[in-house]
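Please load the model in a viewer and keep the selection tool at hand. The tour below proceeds from one selection to the next and states what is found at each stop.

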Amino acid sequence: MSEEDDESDDRDGNRDLERVVAEVRDRVDPKADERARLREVADRLMDRAEAAATERCAGADVLQVGSTARNTWISGDRDIDIFVRFPPELDRETLEEYGLAVGHATLPDGHEEYAEHPYVKGEIDGFDIDVVPCFRLESATEIRSAVDRTPFHTQYLRERLNDDLAGDVRVTKQFLKGIGAYGSDLRTRGFSGYLTELLVCEYGGFRSLIEAAADWHPPVILDPEDHGYASETANSSRDAAVGDADLPFDDPLIVIDPTDPERNVAAVCSAANVARFQHYARELLEAPQLDRFESDEPEPLAESELREHLDGRGTTPVAIRFEAPDLVEDQLYPQLQKSLDGITQGLDDRGFDVFRATAIADDTAVVFAELAVSERPAVERHQGPPVHVRDHAVGFYDTYADDPAAYGPFIEANRYVTEREREFTTAREFLESDRLFDVGLGAHVETALEDGYEVLVDEDVTGLLEEFGTDLAAYFEPHP
């Protein structure tokens, strides 16, 4: 292919990407009537919240935060976040009392929820409203709770986002939603809205961001306000990044919060989601297509399809199913992950060789694993110390010399070896035993297991399909 042909292909690819981005932006940009409707509802609730707040505390004020305040919300989003700021001399107990009172006055039919402290959530005219109390502070470094940062984030970005960048933020958010990497909840562990906005600002737009991301070499370090960390921006090389040993953060993507240099905005973002962003950035640049911006949830797996997967893979599926603890997702999923890690380690330690595993939850919760080995011999080999290490060797020998169930001890090379009775010969035996509770489990998961659970092995796992058909489809038909 000639150089002229290469240049022609590049121009065609650029035009294709521009066309796709323009179409996505047309879809995700809120239209004038939608903006006006949101503004009317937000202003009405802000006035109501301000009246209630100043009635209770002379120094209180109210502001709108989040994507609807920063003009980065996607058409169809229905979230309005109202923060009620109270003077810092107020004690926390009084702040919570006043905050709930203002929340209920603003949202008479609202209900209380709890993050770091309680707030009121409700629905007005089809919009989801949060009324959240916080302290009014001079700097984000003075925060007394995590929500105190949010007003500083809104102020920082409103000063830097013009209409073009805000439009590119919406496109980027839609791209991240399409690839399943948007959301800072502890189930997704993806890109938050604030992180997305900072990345678009730092790189100067959607296209330059994905071009840079396609070549990222983690750890990627971005320091928008030059707080003293080396910065890897769109125009700098990997060599410019500070050495790993000097970093106060151990994350694949490090974006120093412009308002708080002690915080990595991307701390929750998993290595898998950073890699996922890179993968689809490369795909989009190579072959721009609208479907990259559209989420693709698989169809629930049919029983015949699940059996076909199991027959073809030759692994042994096992599952522990129990009542899901009554927790919000940000509390539940870390506990499920801890329990998944503990159970799979317990299986591996007993020779059952976990091939792949996952944890899923709905009304019930499931730890699901495929085993490369599901049954072991009745005996296991136990290698002792070298014979010349006298004290340890004698102790090992004496332990097993009079054990009628043991084979040996005998000598191989220079060591004592014995073959002893194995505690569990099948994975089911281990999973149904009390030894399951010796592994690392999340506290609420452990309580749920103590209340009862069932173990499913081989084709019995088809009983999961009614509740988890979509999750199992995603497991057995994985994609980046």
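Begin by selecting strands β12, β14 and β13 of this predicted model. In that order the 3 strands form an open sheet, and their pairing is antiparallel. The edges are occupied by β12 (379-386) and β13 (407-412), each of which pairs on one side only. From one strand to the next, the twist averages 25°.

Next, restrict the selection to β13 and β14, the latter comprising residues 415-421. These two strands pair in the antiparallel sense over 4 bridges. To see one bridge, display E412 together with its partner in β14, R415.

Now add helix α12, residues 390-401. The helix lies across β12, β13 and β14, and its direction makes about 150° with that of β12.

The second sheet is reached by selecting β6, β7 and β8. Which kind of pairing does this open sheet show? With its 3 strands in the order β6-β7-β8, the pairing is mixed. Here the edge strands are β6 (220-222) and β8 (260-264), each pairing on one side only. Neighbouring strands of this sheet are turned against each other by 20° on average, direction ignored.

Within the sheet, select β6 and β7 (residues 253-257), which run parallel and are joined by 3 bridges. V220 and its bridge partner L253 in β7 may be displayed as an example. Helix α7 packs on this sheet, where it touches β6, β7 and β8; the direction of α7 makes about 90° with that of β7.

Keep α7 (residues 193-203) in view and add helix α5 (residues 150-158). The two helices pack at an angle of about 25°, and their axes are 11 Å apart. Because of this angle, α5 is roughly parallel to α7. The crossing in which α5 passes α7 is left-handed. For the contact itself, show the side chains of H153, Y156 and L157 on α5, and those of Y194, E197, L198 and C201 on α7. By class, the residues of the contact of α5 with α7 comprise 5 nonpolar, 1 polar and 1 charged.

The next stop concerns aromatic rings. How many aromatic pairs does a search of the whole structure find? The search finds 14. For one of them, select F206 and F293: the ring centres are 6.0 Å apart and the planes stand at 50°, so the pair is tilted. This pair links distant parts of the chain, since F206 belongs to helix α8 (residues 206-213) and F293 to the loop between α9 (271-286) and α10 (303-313), 87 residues apart.

Two hairpins complete the tour. For one hairpin, select β3 (residues 111-114) and β4 (residues 118-124), which pair in the antiparallel sense over 4 bridges. Between β3 and β4 there are 3 residues. E113 has Y119 of β4 as its bridge partner.

For the other hairpin, select β10 (residues 354-361) and β11 (residues 364-371), which run antiparallel and are joined by 7 bridges. The hairpin that joins β10 to β11 passes through 2 residues. Which residue of β11 stands opposite I360? Displaying the strands shows V366 in that position.

Notes. Residues numbered from 1 in each chain as written. Predicted model: local features only at pLDDT ≥ 70, side-chain atom pairs only at ≥ 80, totals over all residues. Heavy atoms only, no water. Pairing = 2+ DSSP bridges. Axes fitted to C-alpha atoms, helices over the stretch in contact; angles between N-to-C directions. Contact = heavy atoms within 4.5 Å. Parallel < 35°, antiparallel > 145°, perpendicular 65-115°, else oblique. Left-handed = near helix turned anticlockwise from the far one by under 90°. Nonpolar A, V, L, I, M, F, W, Y, C, P; charged D, E, K, R; others polar. Phe/Tyr/Trp six-rings, centres within 6.5 Å; stacked < 30°, edge-to-face > 60°.
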